[in-house]
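Colleague: Got a minute to go through this structure with me? I'd like to start with the ligand and then look around.

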Amino acid sequence: MSYLFPTYARWGIEPDTAIGMKVTSTAGKEYLDFTSGIGVLNLGHCHETVKMAVTEQLNKYWHVSNMFQSSIQERTAKMLADASGLSQVFFANSGAEANEAAIKLARKATGKSKIVTCQQSFHGRTFATMAATGQEKIKSGFGPMLECFEYVPFNDDDAMMAAIDESTAAVMIEIVQGEGGIHVIHQSYLDTIQSHCKKYGTLLIIDEIQTGIGRTGKPFAFQHYNVQPDIITSAKGLGNGLPIGAMIGREKLSEHFNPGSHGSTFGGNPVSVSAAEAVLTEIFNPVFLKETVNKAEYLKNALANALKDAEEVKEIRGLGMMIGIECEQDVQEFLAELQEEGILVLSAGPKVIRLLPSLTVTESEIDRAVRKIEKIFSIKQTI
Ligand SMILES: *Cc1c(COP(=O)(O)O)cnc(C)c1O
């Protein structure tokens, strides 16, 4: 029997070691990891530069509390601010905590309470972020929910327009719905949100927890669009596997997060922040981002080519290294078959296969994975 609460439907694989894109199981089987720990290992497993930065910090000190000055937090915050065009950073330990901070700040700064989010969105598992999440299955049995959240269909301009009013503190959105099935936002939707936010003094929060840190080929995915958020949130890829989240906001919001208003014992932990500093130095390099864009294009084209005759495939979509293959049927069986073939992928909802490779993936690793994906679909067709 297991002593763990069964909150996760675990695979029958236990990793022994992992490096780059390769995971070796305790059973001695090798896997090509196209999950990156759910969009976390943007630089791959056990990345050398990150390891060095973390080791150096481990040899200095591990934790002192936020009562002390921290130049490593300052340096890393500046990198996040410069890359996003925003100004102030609050460090948390996870995505949900970063969103929690954003929701608290938006309510305090505006003096309003309604938060508008999208159907099929995912923002986390704490009470506020669960309430923000537009999926019933996430909330089932945990009611009553935190009040004043309203949900609108994704990319429906009229519904969004109708939802924003004088009582709206913030709109919280994803640029690509990750858990919700890899749905990419439209510019017109962002235009509608921006103009209505301006009209009613509503803040725009963009949840970049899965889309950020180079995942789509830009530092943050909103940078593919003409849009200026007031707050963005980051986590997942930020620490390349060390737990860290960040809320990044406009300078004028600073006064509302005054001493004593919000905090976290572990938030900005120097070991995690040292990982983040190394990650941002690597990924926010324009050459690295350019390569990411090229390889993402290569992956998408290879998939489109390999799967053009696959009857089960409805659509291949995504942005950068965040790709969804929507199928006609439930994809769990495909995931299991790919594991047999030594390829690890995720799902996003029942019918979408989700690929989130490390941004360091090579073209030959892409070729190998695509061949296997092609194989499992063609096997199906010959039955
Ligand atoms: C994963 C995720 C979260 C939650 O992050 P945790 O670190 O699991 O709390 C929130 N928003 C989005 C878009 C995510 O993908």
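Modeller: Sure. One cut-off before we start: a polar contact is a pair of N or O atoms within 3.5 Å. And keep in mind that this is a predicted model.

Colleague: Fine. How far is the polar side-chain atom of Lys-236 from an oxygen atom of the ligand?

Modeller: That distance is 2.6 Å. It counts as a polar contact because the cut-off is 3.5 Å.

Colleague: And how much of the ligand does the protein bury?

Modeller: The protein buries 81% of it. Taken alone, the ligand exposes 380 Å².

Colleague: What about Gln-210, how far is its side chain from an oxygen atom of the ligand?

Modeller: An N or O atom in the Gln-210 side chain is 2.8 Å from a ligand oxygen. Phe-122 uses its backbone instead: a backbone N or O atom there lies 3.2 Å from a nitrogen atom of the ligand.

Colleague: Which residues surround the ligand?

Modeller: Starting from the low numbers, Ser-94, Gly-95, Ala-96 and Asn-99. Then come Phe-122, His-123, Gly-124 and Glu-174. Asp-207, Ile-209, Gln-210 and Lys-236 complete the set.

Colleague: How does that shell split by class?

Modeller: It has three nonpolar, six polar and three charged residues.

Colleague: Which helix gives the most to the shell?

Modeller: Helix α4, residues 95–110, with three residues.

Colleague: And which pocket holds the ligand?

Modeller: The largest pocket.

Colleague: Let's stay with Asn-99. Where does Asn-99 lie, and is it buried or exposed?

Modeller: Asn-99 lies in helix α4. Its relative accessibility is 0%, so Asn-99 counts as buried. Asn-99 is also among the residues surrounding the ligand.

Colleague: How far is Asn-99 from Glu-208?

Modeller: Their C-alpha atoms are separated by 9.9 Å. Along the chain, Asn-99 and Glu-208 are 109 residues apart.

Colleague: Switching to the backbone. Which peptide bond is cis?

Modeller: The one from Gly-143 to Pro-144, with omega near -5 degrees. Pro-144 lies in the loop between α6 (136–139) and β6 (149–152).

Colleague: I also want to check phi. What is phi at Cys-46?

Modeller: Near 50 degrees. That is a positive value in a residue other than glycine. Cys-46 is in the loop between α1 (36–39) and α2 (48–58).

Colleague: Why does Cys-46 count as partly exposed?

Modeller: Because its relative accessibility is 45%. Partly exposed runs between the 20% and 50% limits.

Colleague: And what is phi at Gln-120?

Modeller: Near 70 degrees, again positive and again not a glycine. Gln-120 lies in the loop between β5 (114–118) and α5 (127–132). With a relative accessible area of 39%, Gln-120 is partly exposed.

Colleague: New topic, Asn-258. Which side chain does the Asn-258 side chain make a polar contact with?

Modeller: The side chain of Lys-108, at 3.3 Å. Asn-258 lies in the loop between β12 (245–249) and α9 (270–283).

Colleague: Why is Asn-258 called partly exposed?

Modeller: Because its relative accessible area is 35%.

Colleague: How far is Asn-258 from Ile-193?

Modeller: The two C-alpha atoms are separated by 28 Å. The residues are 65 apart along the chain.

Colleague: Now Ile-164. Buried or exposed?

Modeller: Buried, because its relative accessible area is 2% and the limit for buried is under 20%. Ile-164 is in the loop between α7 (157–163) and β7 (168–173). The C-alpha atoms of Ile-164 and His-196 are separated by 6.6 Å. Those two are 32 residues apart along the chain.

Colleague: Last one. Where is Lys-22?

Modeller: In strand β2, residues 22–25. Lys-22 counts as partly exposed because its relative accessibility is 35%.

Colleague: And how far is Lys-22 from Ile-316?

Modeller: The C-alpha separation is 25 Å. Lys-22 and Ile-316 are 294 residues apart along the chain.

Technical notes. Residues are numbered from 1 along each chain as its sequence is written. This is a predicted model: local features need pLDDT of at least 70, side-chain atom pairs count only at pLDDT 80 or more; totals for chains, interfaces and linings use all residues. Side-chain values use heavy atoms; hydrogens and water are left out. A residue is near a molecule or strand if one of its heavy atoms lies within 4 Å of it. A polar contact is a pair of N or O atoms within 3.5 Å; within protein, one must be able to donate a hydrogen and the other to accept it, and residues adjacent in sequence count only if both atoms are side-chain atoms. Accessible areas come from the Shrake-Rupley method with a 1.4 Å probe; for residues, only the protein chains shown count as cover. On a 1 Å grid over the protein atoms alone, a cavity is a set of points where a 1.4 Å probe fits but cannot get out, and a pocket is an open set with protein on both sides within 12 Å along at least five of seven lines; lining residues have an atom within 4 Å of a point. A molecule sits in a cavity or pocket if more than half of its atoms lie within 2 Å of its grid points. Helices (H or I, at least four residues) and strands (E, at least two) are DSSP runs, numbered from the N terminus. Ala, Val, Leu, Ile, Met, Phe, Trp, Tyr, Cys and Pro count as nonpolar, Asp, Glu, Lys and Arg as charged, and the others, Gly among them, as polar. Buried means under 20% relative accessible area, exposed over 50%, partly exposed in between (1.4 Å probe, protein chains only).
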